[in-house]
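The following exercises ask you to read a protein structure step by step, and each task is followed by a worked solution. Please look at the sequence and the structure before you begin.

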Amino acid sequence: MTKRPYIVGNWKMNGNRAMLAEARAIDRAAQRYPDVEIALAPPAPLIGTVREAVTGIGVGGQDCHTAAKGAHTGDVSAAMLADIGADFVILGHSERRRDHGENDVLVRAKAEAALAAGLSVIICVGETLDERDSGKAEAVVSAQIDGSVPLGEGAAVAAGRVAVAYEPVWAIGTGRVAAVEDVVAMHAAAGARLVAAFGEDAVRVRILYGGSVNGENAIGLLGAPGVGGALVGGASLTADAFLPIVAAASQVSA
Ligand code: PEP
């Protein structure tokens with residue numbers, strides 16, 4: 001099993017072909033960090049182009065449909081992502097839960113479709129500020145894990161194809177990063193739900209932290225117990241911002 005930290009850049013709805021230069025720079029630098037697993041999730045129109053431009057990093061999508069094909073205008077299937085060379089897909093990001101009304105049942109169905117298509121998955125969970133302030137953060141995240149991680153996919157879990165990203169909604173894109181002790185507590189709670197579902201194979205599910213990770217705070221977050229990597233939004237858009245996070249991951253894994 002790989003215990004390499006997993007650093008994933010989520011470009012969200014940002015980027016154009018000119019940003020291939022950033023992907024190439026990140027890819028070139030990846031050779032210096034063999035102890036870190038690095039990946040980028042560009043917007044759908046760029047996935048194939050980024051795939052062709054890089055060799056040493058993973059490339060993935062930011063969403064997929066539950067069906068392999070059909071009358072679903074505007075959607076992209078997991079099989080299509082796999083066909084253009086994607087390795088993984090991010091599912092259940094809070095922006096999809098917010099913008100598209102995605103719930104745990106749908107996220108789980110998407111995860112099952114993605115795994116069936118041969119992709120790995122990163123399933124996102126996280127509480128809102130109201131939920132944290134009212135003391136419900138652990139309960140909310142535990143319920144999201146119970147509801148959106150596919151329980152029947154023990155083989156994929158054992159193969160290390162399932163990751164979870166703990167992303168407090170209030171920390172995403174806000175510059176407000178969660179306190180390390182809260183991250184540790186939330187990752188422990190998430191890990192406990194995964195053990196309940198998958199037993200000892202749960203250790204193969206990397207739990208990433210996401211929410212305003214940058215080159216300054218990465219060491220503290222990535223060095224915390226139970227943190228298996230980071231899902232990075234804003235700071236993944238340039239190599240200059242992203243690579244210090246990768247370097248921090250390398251440092252904590254040494
Ligand atoms: C994200 O997109 O998942 C994310 C964590 O964004 P940011 O790093 O910008 O907060």
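**Exercise 1.** In this predicted model, find which residues come nearest to the ligand, and describe the shell around the ligand by class.

*Solution.* Begin with the residues around the ligand, of which there are 14, and note that Lys12, Glu167, Gly173, Ser212 and Gly233 come nearest. Then sort the shell by class, which gives four nonpolar, eight polar and two charged residues.

**Exercise 2.** Determine which atoms of Asn10, His93 and Ser212 lie within 3.5 Å of an oxygen atom of the ligand, and state how much of the ligand the protein covers.

*Solution.* Take the side chains as a first step: an N or O atom in the side chain of Asn10 is 3.2 Å from an oxygen atom of the ligand, and for the side chain of His93 the corresponding distance between an N or O atom and a ligand oxygen is 2.8 Å. Turn next to Ser212, where it is a backbone N or O atom that lies 2.8 Å from an oxygen atom of the ligand. As a last step, consider the ligand on its own, with 290 Å² of accessible area, of which the protein covers 96%.

**Exercise 3.** Work out how the strands are arranged, and which helices lie against them.

*Solution.* Follow the strands in the order E1-E2-E3-E4-E5-E6-E7-E8, and you trace a closed barrel of eight strands with parallel pairing. From one strand to the next, the twist averages 25°. As an example of the pairing, strand E3 (residues 58-61) and strand E4 (residues 88-91) run parallel and are joined by two bridges, with Gly61 standing opposite Val89 in E4. Now add the helices: helix H11 (residues 239-253) packs on the sheet and touches strands E1, E2 and E8, its direction making about 165° with that of E1. Helix H7 (residues 137-148) lies across strands E5 and E6, and runs at about 150° to E5.

**Exercise 4.** Locate Lys12 and Ser212 along the chain, and find the value of phi for each of them.

*Solution.* Recall first that most residues other than glycine have a negative phi. Lys12, in the loop between E1 and helix H1, has a positive phi near 50°. Ser212, in the loop between strand E7 and helix H10, likewise has a positive phi, near 60°.

Notes
Residues numbered from 1 in each chain as written. Predicted model: local features only at pLDDT ≥ 70, side-chain atom pairs only at ≥ 80, totals over all residues. Heavy atoms only, no water. Near = heavy atom within 4 Å. Polar contact = N/O pair within 3.5 Å; in protein donor to acceptor, adjacent residues only side chain to side chain. Areas by Shrake-Rupley, 256 points an atom, 1.4 Å probe, with all protein chains shown as cover. Nonpolar A, V, L, I, M, F, W, Y, C, P; charged D, E, K, R; others polar. Pairing = 2+ DSSP bridges. Helix = DSSP H or I, 4+ residues; strand = E, 2+ residues; numbered from the N terminus. Axes fitted to C-alpha atoms, helices over the stretch in contact; angles between N-to-C directions. Contact = heavy atoms within 4.5 Å.
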